Amino acid sequence: LLAERRILTVDNKAYAVPNPITPGQVVVINEELCNGCNICIDVCRTDVMVPNPEKGKPPVVLYPDECWFCGCCASDCPAGALIIEYPLNQKVGWKRKETGEYFRIGMKNPPPPNTRPSV
Amino acid sequence: MEGVAMNEFNEKNIKEWPYPVNYGKETEVGADVLVIGGGIAGCHAAINAARQGTKVVVVDKGATVRSGSGGAGVDHWHLACTNPCSKVTPEEMMEIMKDFGEYDYGEFGNGISTYLLCKESWDTLLDIESMGVKVRDVDDEFKGAPFRDEKTKLMFAYDYVNRYCIRVNGGADIKVAMYNECKRLGVEIFDRVMATSLLTEGGRQGARVIGATGVNVRTGEFYIFKSKAIVLSAGYPAGLSIFSTELKGGAAQFMDPNNSGEGTAMAWRAGAELALMERGGVPYTSGGFGYPQYGVGNAHNTWYACKIVDANGKEVPWVDRDGNILKNIEDRYRPAPGQKYFYYGRAYGTRKIWGPSLIPDLPERIMKGEYVLPLYADLPGMPAHERRAIWGLMIPHEGKCRIIYDTYQRAGFDPDKDLLQVIVMPPEKYTYSAWWAAYGARQWRERIHGGGLLFDWDLKTSLDGLYVAGCQAYCSANHASSAVTGRYAGRKAAQYSREVEESGIDRPQVNAEKARVYAPLKQGKGGIGWKELRAGLARIMQDYAGEYMNEETLQMGLTWLNSIKESEASSVYIRNPHELARTLECLTRITVGEIIMQASLARKASSKVLNFNRLDFSEVDPPEWNKLVTLRQENGRIKPGEKSVNYWLIPPNAPTYEENYNKHSGL
C-alpha cells in the first residue's frame, strides 16, 4: 500500500482522480506488524475498513470520512499494528512548564514518547 | 498527495464490494426477548433477560462488542447513591433532582430513570465487576488518596465528602466484558443489521409489538425477527441539524454516528407515544468545529478540577457555590459551608446544588487583560494523585479518550511537566469549562434531543410488548442511565415474555416494509449521494426548527421535508449495501424531522430549559405549559396529547418513588 503511494508521488505521471477524501489518514497501519486478522474490521462500528481482497494482508481503509475516532480498532488490535491519527485540525499543543518550550502533535523532531502505562 | 493516492488505491483495488450481496434474501429469527441496539443499554438488557432463562436476540447496526455511544468507555458514574460509602440516599438525591434533573433536563427531567440511577447504579457496577472489569483501585495505585476509600478500594469524583459519584477503573473494558457475558449466556447476536421497523399484531398501528425487521448493512440481506417482547435500546436521533464529515469525519457527531433515529422512527410508525420531541439542543457541542472531547486543556468532567493558568502562569481561581474563593485545591472537592452535598453541574434551579467552579467572571477578566490567552491546564500543578487520576485513569477509560491518551503519550506529552493548551476562543466562550466544544454560533452546533419514548414504571412504552432503555427513553441519556434502564428493561421484558403467547407476523406488513427498504435501489439514480442529501436535511432542521421558529417556519419545514422526500431523496445513487443503509438513515431523519416539527407546533410557548424559542409564543415557561407534549399516530393520523411533568408520582402511580419502585422493580 505505502509502496504504491510512493510510486504515485515520485513518477512523472499525473492522474485524473477524485479529490482527496478528508479526513483521509485516520487509520495508520504498520504493515510489518499487521497479520491481517481483521479484528479492527470486526470492532469498527461504521465499517471504516473492509477486508483486503488478498487474504492475510492489512485491511483496506474505505470510509475514513466516517471514522468517529472511538479508537476501538487501535485498542483491540492484538498486534499493536494500528494507530489512529487525528486530522490536522484536531491537533493541539502544549508548553513545558519549566522551560516554556512549545510542542505539538505532529511536529518535526518531537520529544521522545512518554512510555508510562495508564492505570 | 497521500489523499490522492488513497482514492487511486480504492479505484484500483476495490473493484467489487468485499462482502456477498444478497438484497432481499430473507432470514427469519425467533426469540423470547428481542433487543434492538446492542449498546450499553442493549447489552445490559440482553444479559438480564438471558439470566432469567429466556431466549434473547440482539440486533445491532454496528459491532456489539464495541458499538454504542458508550462502547469505548466511561470514567465516572454519577448518582451511585447506594454504594457503601455514599452519604446521600436515593430519596435525598431525588429531592434536589426535582428542579435540576439528570443531564440538564430541569423540571422536564424524567423521575423514573433518575430514581433508577440512584437506586440501581451500585448494583449495576457490582454486576460489571462480576464480569471481570476492575471498577475499584484493585492494584492499590491510589492508596492514601483523598478520593479513595481504603476499605472498599472504591474511588470517587467531585464531592469527596459525600462519595456518590464513582471513578470507574477499567471503564474502557466494560463493553467487551458485557459482550463476552452475552455470548456466555447464549445470547444470539446479529451484528451489522440495521433494524428498520417494528412488527405489530395484525399489522395494526398501536397494537402489540411482536417483532421487527432489519437489513444487513454489508450484504443487503433482510431479517424478520419474531419475539414475545422487545426492548428498544437504539440511540436517540443525533446529528440532525448539522452534517459535514469534511473536518473531522464521523466525529462531527457527538453520539455514535450510527445514531440516526431508527428506533424513534420505527416506534413512531408502530404507534408508540413520544414525549418532548420538541426539545432543542444543548448548546455545547459543535459539529465539525470542536476539538476532541477532553482532548484539549479544560477543567470539565474528566478533568474536574484541574488547575488552569494563563499564558504567564497566573492561576485562574476557583469559587464555591456561594462565590467564595477557594484557596486550596482540595477545597474544590468539598461542598460549600452549610451545603450538604453538591451535584456537579451549572448553576441552575432554586436548590443551589452545584459545586465549585472556575470564577464565573473569567470572560470579563480576560477582556480586561487580567488573564492572557492562551490558557493552559496545569496538570503539573495538581497534587500527584489528582494528576494521575485525570491523565492516567480517567482519560484512558472515558469513551473515545483512550486514543487521546495514546496520541499524546506517543507525541511525548508528559503530565508531570507539561501544560496542555486550552483552545483560543472569544472571551465569552470561557464561561462553561467544556472548552473543546464551546466555540461558534449556536446554529453550528449539534442538536441533542431529550425527546423519546414515553414509558411507565415498568419501562414499558405505550405499546404492549415494547420496552425502552437507554437514550431511546425520553430524557435519559449517558452511560450510567443506559446501564440501569437496560438492566431493568431486560428484567421486565423477560417477565412479560413468559406471560404471553407468541403471535404470528402479518405478512402484508413485512412485504410493505421490504418494499420500503429496497425502494431506493429501484429508483432513478441520477441524483445526489447520501452525504449531500443528509447535509441538505440538516439545513432544513437548522433553518426551520432551529434556534428560533414560529408556526410559519415549522409548516415550511414540513413542506420542505416532504418535497425533498419526493425529489432528491427519490433519486439518490446507491452502489452497495453500505450506501443503501446510509440512505435509509436519511429517510429516517426525514421522519424524525417531521416528528420534531409536529411536536414544536404542538408546544405553543417558549421554554428556557427546553432551549425552545417560539417567536410567535415568546412568553418563556408560562406555568400552563409546564407539561409534557406527547405525540403518537393512530391510523396514520397524528394525535397530540399532554402529560403531567411528574406523571410517575400521580395516580394510578403511588405518591412516592420508593413505593412505585418496590411495586414494579421485579426484585
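**Exercise 1. Classify A275(B) in this predicted model: is A275(B) buried or exposed?**

Step 1. Take the relative accessibility of A275(B), which is 0%.
Step 2. Compare it with the cut-off: buried means under 20%.
Step 3. Conclude: A275(B) is buried, because its value is 0%.

**Exercise 2. Place A275(B) in its surroundings. Which residues is A275(B) in contact with, leaving aside neighbours within four places in sequence?**

Step 1. Find the element: A275(B) sits in strand β10 of chain B, residues 274-275.
Step 2. List the contacts: G451(B), G452(B), L454(B), Y474(B), V629(B) and T630(B).
Step 3. Pick out Y474(B), which is among the residues with the most contacts inside the largest nonpolar core.
Step 4. Check a distance. P655(B) lies 380 residues from A275(B) in sequence, and their C-alpha atoms are 22 Å apart in space.

**Exercise 3. Describe the largest nonpolar core. How many residues does the core have, and which have the most contacts inside it?**

Step 1. Read the size: 252 residues.
Step 2. Name those with the most contacts inside: M49(A), I36(B), M93(B), L198(B), W303(B) and Y474(B).
Step 3. Find the top contributor: α14(B) gives the most, with twelve residues.
Step 4. Look around M93(B). Beyond four places in sequence, M93(B) touches L79(B), C81(B), V88(B), C118(B), Y164(B) and Y341(B).

**Exercise 4. Analyse how α12(B) and α14(B) meet. At roughly what angle do their axes cross?**

Step 1. Locate the helices: α12(B) spans residues 530-544 and α14(B) spans residues 577-602.
Step 2. Take the geometry: the axes come within 9 Å and cross at roughly 10°.
Step 3. Apply the cut-off: angles under 35 degrees count as roughly parallel. Therefore α12(B) is roughly parallel to α14(B).
Step 4. Name the contact residues. From α12(B) come W530(B), L533(B), R534(B), L537(B), I540(B), M541(B) and Y544(B). The α14(B) side includes E579(B), R582(B), C586(B), I590(B) and M597(B).
Step 5. Sort the contact residues by type: ten are nonpolar, two polar and four charged.

**Exercise 5. Trace the neighbours of strand β2(B). Which residues stand opposite V58(B)?**

Step 1. Locate β2(B): residues 56-59.
Step 2. Pair β2(B) with β1(B), residues 26-36: four bridges, parallel. Here V35(B) is opposite V58(B).
Step 3. Pair β2(B) with β6(B), residues 188-190: three bridges, again parallel. Here I189(B) is opposite V58(B).
Step 4. Check the faces. V56(B) and V58(B) are buried on one side, V57(B) and V59(B) on the other. Both faces of β2(B) are thus covered.

Conventions
Residues are numbered from 1 along each chain as its sequence is written. Chains are lettered from A and ligands numbered from 1 in the order in which they are written. This is a predicted model: local features need pLDDT of at least 70, side-chain atom pairs count only at pLDDT 80 or more; totals for chains, interfaces and linings use all residues. Side-chain values use heavy atoms; hydrogens and water are left out. Axes are lines fitted to C-alpha atoms, for helices over the stretch in contact, and angles run from 0 to 180 degrees between N-to-C directions. Helices (H or I, at least four residues) and strands (E, at least two) are DSSP runs, numbered from the N terminus. Angles under 35 degrees count as roughly parallel, over 145 as roughly antiparallel, 65 to 115 as roughly perpendicular and the rest as oblique. Contact means heavy atoms within 4.5 Å. Ala, Val, Leu, Ile, Met, Phe, Trp, Tyr, Cys and Pro count as nonpolar, Asp, Glu, Lys and Arg as charged, and the others, Gly among them, as polar. Buried means under 20% relative accessible area, exposed over 50%, partly exposed in between (1.4 Å probe, protein chains only). A nonpolar core is a set of buried Ala, Val, Leu, Ile, Met, Phe, Trp, Tyr and Cys residues joined through side-chain atoms within 4.5 Å. Two strands pair if DSSP finds at least two bridges between them.
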